[in-house]
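Trainee: I am new to this structure and should like to understand the reasoning behind the terms used for it. May I put some questions to you?

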Amino acid sequence: MGLLDGKVALITGGARGMGAAHVRLFLEEGAQVVFGDVLDEEGKALAEESGATYVHHDVTSLQDWGRAVTTATELHGKLDVLVNNAGILKFRRILDMSPEDFDRVIDVNLKGTWLGIKSVIEPMKAAGRGAIVNISSIEGFIGAEGLSAYSASKFGIRGVTKSAARELARFKIRVNSVHPGAISTSMAMDPEMMQEVDADTFVKSMVIKRFAKPVEVSHVVAFLASDRTSYCTGSEFTIDGGLLTGAGY
Ligand SMILES: NC(=O)c1ccc[n+]([C@@H]2O[C@H](COP(=O)([O-])OP(=O)(O)OC[C@H]3O[C@@H](n4cnc5c(N)ncnc54)[C@H](O)[C@@H]3O)[C@@H](O)[C@H]2O)c1
């Protein structure tokens with residue numbers, strides 16, 4: 001028996017990186033999966049290989065949200081899990097960052113997450129239950145040079161998560177946030193960030209001295225999407241190999 005047998009899940013930003021790992025693990029655990037992204041070529045390739053359904057889905061567009069949710073409910077009869085995974089990182093110090101770049105990071109990471117919650121309430125009410133997993137970051141607890149917009153968006157996701165958990169418990173919808181540390185994806189290898197960060201020193205400063213594989217995050221996301229966490233809502237789950245140890249969290 002799979003952890004997610006009988007569940008219908010929508011995963012955003014699923015064409016590559018951690019999102020793609022979530023798509024694969026959710027399928028393995030028995031869920032029916034619809035995933036979206038703006039990278040159509042990668043998305044279609046993953047759909048063909050895995051059997052999940054791909055939809056073009058820009059998380060900043062309410063219209064795209066409508067299409068993604070309808071795809072899930074029409075294909076599978078209901079929707080009971082949302083993973084708000086899509087995200088972007090723009091490495092720029094405040095002095096050098098344009099207001100437009102700041103807005104873009106907030107729009108995708110924070111407003112995209114809020115739009116997602118808003119879009120799944122009715123179908124989850126209809127399903128009689130739901131689980132929403134919002135992907136924040138350890139940057140949702142601490143700031144970092146060059147990441148003011150990213151960090152603001154990830155702090156914001158914690159607030160949205162807790163408010164939504166309070167609003168939606170009456171519909172049996174649980175809402176939690178996940179806070180990955182250093183995970184081996186294209187985002188973690190952002191060229192502008194890599195120019196400024198000494199990767200060796202960073203790894204030596206870790207408690208578990210390595211980057212994680214994306215699937216190590218997927219296992220926690222699947223757990224939170226499952227009925228095993230039926231009493232968890234409004235909570236924060238850190239997957240950071242101990243990075244925040246000593247930072248007061
Ligand atoms: N890699 C890390 O170390 C790390 C750490 C903490 C948190 N995170 C978070 O994990 C999530 C996944 O990131 P990742 O590391 O897999 O990076 P990634 O860049 O490989 O994946 C992000 C995905 O989101 C998609 N995306 C971007 N803008 C979108 C939009 N407007 N609409 C829909 N999809 C969009 C991208 O096309 C991509 O497929 C992000 O929210 C990120 O902030 C990553």
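Trainee: Why are helix α1 and helix α2 called roughly parallel?

Mentor: In this predicted model, helix α1 (residues 17-28) and helix α2 (residues 40-50) pack at an angle of about 20°, their axes being 11 Å apart. Angles under 35 degrees count as roughly parallel, so α1 is roughly parallel to α2.

Trainee: Which residues make this contact, and what is the handedness of the crossing?

Mentor: α1 contributes A20, V23, R24 and L27, while α2 contributes L46, E49 and S50. The crossing of α1 past α2 is right-handed. By class, four residues of this contact are nonpolar, one is polar and two are charged.

Trainee: What makes α3 and α4 oblique to each other?

Mentor: Helix α3 (residues 62-76) packs against α4 at about 40°, with the axes 10 Å apart. The roughly parallel class takes angles under 35 degrees, and the roughly perpendicular class takes 65 to 115. An angle of about 40° belongs to neither of these classes, and α3 and α4 are therefore oblique.

Trainee: Which residues of α3 and α4 are in contact?

Mentor: They are L62, W65, V69 and T73 of α3, together with G112, L115, G116, S119, V120 and P123 of α4. Six of the residues in this contact are nonpolar, four are polar and none is charged. α3 and α4 cross in a right-handed manner.

Trainee: How do you know that α4 and α5 are roughly parallel?

Mentor: The axes of helix α4 (residues 99-127) and helix α5 (residues 148-168) cross at roughly 15° and come within 8 Å. With the limit at 35 degrees, α4 and α5 are therefore roughly parallel to each other.

Trainee: Which residues of α4 and α5 make the contact?

Mentor: Among them are F102, W114 and I121 of α4, and Y150, K154 and L168 of α5. By class, the contact of α4 with α5 has 14 nonpolar, four polar and one charged residue.

Trainee: What makes the approach of Y150 to the ligand a polar contact?

Mentor: A polar side-chain atom of Y150 lies 2.6 Å from an oxygen atom of the ligand. A pair of N or O atoms within 3.5 Å counts as a polar contact, so this pair of Y150 and the ligand qualifies.

Trainee: How do you know that N85 and K154 also qualify?

Mentor: For N85, a backbone N or O atom is 2.8 Å from a ligand oxygen atom. For K154, a side-chain N or O atom is 3.0 Å from an oxygen atom of the ligand. Both distances are within 3.5 Å, so both pairs are polar contacts.

Technical notes:
Residues numbered from 1 in each chain as written. Predicted model: local features only at pLDDT ≥ 70, side-chain atom pairs only at ≥ 80, totals over all residues. Heavy atoms only, no water. Axes fitted to C-alpha atoms, helices over the stretch in contact; angles between N-to-C directions. Helix = DSSP H or I, 4+ residues; strand = E, 2+ residues; numbered from the N terminus. Parallel < 35°, antiparallel > 145°, perpendicular 65-115°, else oblique. Left-handed = near helix turned anticlockwise from the far one by under 90°. Contact = heavy atoms within 4.5 Å. Nonpolar A, V, L, I, M, F, W, Y, C, P; charged D, E, K, R; others polar. Polar contact = N/O pair within 3.5 Å; in protein donor to acceptor, adjacent residues only side chain to side chain.
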